[in-house]
Amino acid sequence: MIPPAGASRRFDDRPEAHDPLLSIICAVRNGEATLRQMIDSYAVQQTVQTELLVIDALSNDSTWSIVESCRGTVVAALSEADRGIYDAWNKALPMCRGRYVAFIGCDDRLAPGALQALVAAIDAQPADAPDAPHLIAGFNVLTRQGTPVGLLGEAFRLDRLPRRLMIAHVMAAHQRTWMIAAGGYDSSFRSSGDYELLLRERKGLRVKTLPAILAFMEDGGTSRQRWTPHLENFRARRKAGLGTALSTWLFVRAIAFTALRILNLK
């Protein structure tokens, strides 16, 4: 059933004692064409140590019907208006029960073995370990209409973070208590909120890189638009206190590389 315009809906089927290692959040709006495929990619490898939550931005297609038909695989869901993907993710944080939280788009898919790799990495550290990583990341296969076209991600280096986000964000696991303490994402961003969070919290940031492909990421999302991300990256760097000269040079360089990429695609 498609919710009436403006209607808010939710469900939470988890038992009180539910205590997983990893929560996965999917934010969606009008995702009827791809959402079930994403859910299926999770279902074939889900365990009692994982949970999947869906945050729907009042879709006016059959998205909510798909979510309800997948109850059991989707353990909790919310459908209400939001101010964009980072606002949706922030709403999901207090709903999650996992020690770590990962994010995936409705047109993305989990890679085979992704949950096993992440759960093993999380379980290897005691919950109260003072040196536990804030972020556990792997690699993403970039796809266009389902066809692989590239590989995203590289081993994390803190000294290179001001220059670029080398982390493949889809299915990267974020320590939930760390995210909450950081205040979550800045929802004024539309595509670079994940980069802004890491820049904001870069002091003492601990990242573990897994030699594993965690997701297939479909090209064409907000963060892959041609020009807007560069403007937002510039704003994120300035907000984080990086110098105007460095921020401007990195912005100009990114614009030049994007222009060359567009020309090569023609």
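**Close-ups of a predicted model**

**View 1. Helix 6, residue by residue.** G193, D194, Y195, E196, L197, L198 and L199 are buried in helix 6. That puts seven of the eight residues in this helix (193-200) in the buried class, so to speak a mostly covered element. Keep in mind that what you're looking at is a predicted model.

**View 2. The neighbours of helix 6.** Zoom out a little and the packing partners come into the picture. The buried residues of helix 6 pack against three other helices and a strand: helix 3 (85-92), helix 5 (176-182), helix 7 (228-239) and strand 7 (135-144).

**View 3. The whole fold around it.** Helix 6 sits in a protein with eight helices and 10 strands. The C-alpha trace spans about 50 × 45 × 35 Å along its principal axes. For 266 residues, a compact globule would have a radius of gyration near 18 Å, and the protein agrees, since it has 18 Å.

**View 4. Inside and contacts.** Burial goes beyond helix 6: across the 266 residues of the protein, 49% count as buried. Sequence separation is worth a look here too. Take the contacts between residues at least 6 apart in sequence, and 79% of them join residues at least 24 apart.

**View 5. Surface and charges.** On the outside, the protein has an accessible surface of about 12,500 Å². Carbon and sulfur atoms hold 54% of that surface. As for charge, the protein carries 32 positive and 27 negative ones, and the mean positions of the two sets are 9 Å apart.

How values were computed: Residues numbered from 1 in each chain as written. Predicted model: local features only at pLDDT ≥ 70, side-chain atom pairs only at ≥ 80, totals over all residues. Heavy atoms only, no water. Helix = DSSP H or I, 4+ residues; strand = E, 2+ residues; numbered from the N terminus. Rg over C-alpha atoms; globule rule 2.2 N^0.38 Å. Buried < 20%, exposed > 50% of the residue type's maximum accessible area, 1.4 Å probe, protein only. Contact = heavy atoms within 4.5 Å. Areas by Shrake-Rupley, 256 points an atom, 1.4 Å probe, with all protein chains shown as cover. Lys, Arg positive; Asp, Glu negative; His and termini not counted. Charge placed at Lys NZ, Arg CZ, Asp CG, Glu CD.
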